[in-house]
Structure formats: structure tokens, C-alpha cells
Amino acid sequence: QVQLVESGGGLVQPGGSLRLSCAASGMFFSINDMGWYRQAPGKERELVASVTSGGSTNYADSVKGRFTISRDNAKNTVYLQMNSLKPEDTAVYYCNVVIGLIATTFSSWGQGTQVTVSS
């Protein structure tokens, strides 16, 4: 099992920055992919950014050049640095971690943290 603790969400003005953190704890043998998703009102949840265990990253087109995902394997933590925030970035952001178990993997989700970009 794994527990995800998210932090860093809140209210910010357009053009501002936020840094989201998600720390994983529990019993698992490894952490594979880590990522951030978001869901705005009336819309489906979408992938914002992901990072593999090897460090390869992937970003949604809407956030490329503004957001940066990173991970600290020693702390079992994934970060999302969000710069030049726009009102369109307003959403609930969810941390996702894929952990490795014996003979299988398990995808775990955080509770979500609200990010609001407004003047």
C-alpha cells in the first residue's frame, strides 16, 4: 500500500508561480512512473506531466515551457514547478504514483489539491 501526501496548492495571481509536492510512503519495492493530473470543472481529468524512473519527462502541450516536473527518489517525492500561471490552469491537481509490488504494479492517487489562478 502507498499513501500520497500533496502540498503546495492555493490561490495565485496570473503570472505567478506555485510548486506542488507529493510524497509517497508505505510498503512497496519500487516507484515507477510519477505524474500530475488535473481536472477542471466540467472537464475530464487530463495528464499534466509525468516522469519515469529513468528521468524521462512528458508534458501536456498546454503547459510546455511553463511547468517542470521532477522527482527526488531518496524522498519518494515528485514535484511540479508551475510558472507563468494562467487562469486556464485552475483545476484540482492530482498526484499519481505507480509503485512496483511483487509480480504486479499498483497505481495510487492523491486526494487532490486545488490550484486557483485568478486576479
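Which residues does Gly 110 touch, not counting those up to four places away in sequence? They are Leu 4, Glu 6, Tyr 94 and Cys 95. Keep in mind that this is a predicted model. Here's the quick tour: the overall fold first, then the disulfide, then a handful of loop residues.

**Overall fold**

- The protein chain is built from strands, with 11 of them and 0 helices.
- Reading along the sequence, you get β-β-β-β-β-β-β-β-β-β-β.
- The radius of gyration is 14 Å, close to the 14 Å that the globule rule gives for 119 residues, so the chain is as compact as a globular protein of that length.
- If you want a bounding box, the C-alpha trace spans about 50 × 25 × 25 Å along its principal axes.
- Take the contacts in the protein chain with a separation of 6 or more: 55% of them are between residues 24 or more positions apart.

**Surface and charge**

- Out of 119 residues, 43% count as buried.
- The accessible surface adds up to about 6,300 Å², and carbon and sulfur atoms own 50% of that.
- On the charge side, there are 9 positive and 8 negative charges, and the mean positions of the two sets sit 4 Å apart.

**The disulfide**

- The count here is 1 disulfide, and the partners are Cys 22 and Cys 95, with an S to S distance of 2.1 Å.
- As a reminder, a disulfide is a covalent bond between the sulfur atoms of two cysteines.
- The torsion about the S-S bond is -85°, making the Cys 22 and Cys 95 link left-handed.
- This pair ties together distant parts of the chain: Cys 22 is in strand S3 (residues 18–26) and Cys 95 is in strand S9 (residues 91–101), 73 residues apart.
- Are the two cysteines buried or exposed? Cys 22 is buried at a relative accessible area of 1%, and Cys 95 is buried at 0%, where the cut-off for buried is under 20%.

**Positive phi outside glycine**

- Most residues other than glycine have a negative phi. Two loop residues are worth a look on that score.
- Asn 76 has a positive phi, near 50°, and is not a glycine.
- Asn 76 sits in the loop between strand S7 (67–72) and strand S8 (77–82), and at 25% relative accessibility it counts as partly exposed.
- Ala 103 also isn't a glycine, yet its phi is positive at about 70°.
- Where is Ala 103 found? Look in the loop between S9 and strand S10 (104–109).
- Ala 103 counts as exposed, with 83% relative accessibility.

**Two more loop residues**

- Asp 61 belongs to the loop between strand S6 (57–59) and S7.
- With a relative accessibility of 65%, Asp 61 counts as exposed.
- Asp 61 and Val 48 are 13 residues apart along the chain, and their C-alpha atoms are separated by 8.6 Å.
- Back to Gly 110 from the opening: this glycine lies in the loop between S10 and strand S11 (113–117).
- Is Gly 110 buried or exposed? Gly 110 is buried, at a relative accessible area of 12%.
- The C-alpha atoms of Gly 110 and Trp 36 are separated by 9.7 Å, although these residues are 74 apart along the chain.
- One of the residues that Gly 110 touches is Cys 95, which is also a partner in the disulfide with Cys 22.

Conventions. Residues are numbered from 1 along each chain as its sequence is written. This is a predicted model: local features need pLDDT of at least 70, side-chain atom pairs count only at pLDDT 80 or more; totals for chains, interfaces and linings use all residues. Side-chain values use heavy atoms; hydrogens and water are left out. Helices (H or I, at least four residues) and strands (E, at least two) are DSSP runs, numbered from the N terminus. The radius of gyration is taken over C-alpha atoms; the globule rule is 2.2 Å times the number of residues to the power 0.38. Buried means under 20% relative accessible area, exposed over 50%, partly exposed in between (1.4 Å probe, protein chains only). Contact means heavy atoms within 4.5 Å. Accessible areas come from the Shrake-Rupley method with a 1.4 Å probe; for residues, only the protein chains shown count as cover. Lys and Arg count as positive and Asp and Glu as negative; His and the chain ends are not counted. The place of a charge is taken as NZ of Lys, CZ of Arg, CG of Asp or CD of Glu. A disulfide is a pair of cysteine sulfur atoms within 2.5 Å.
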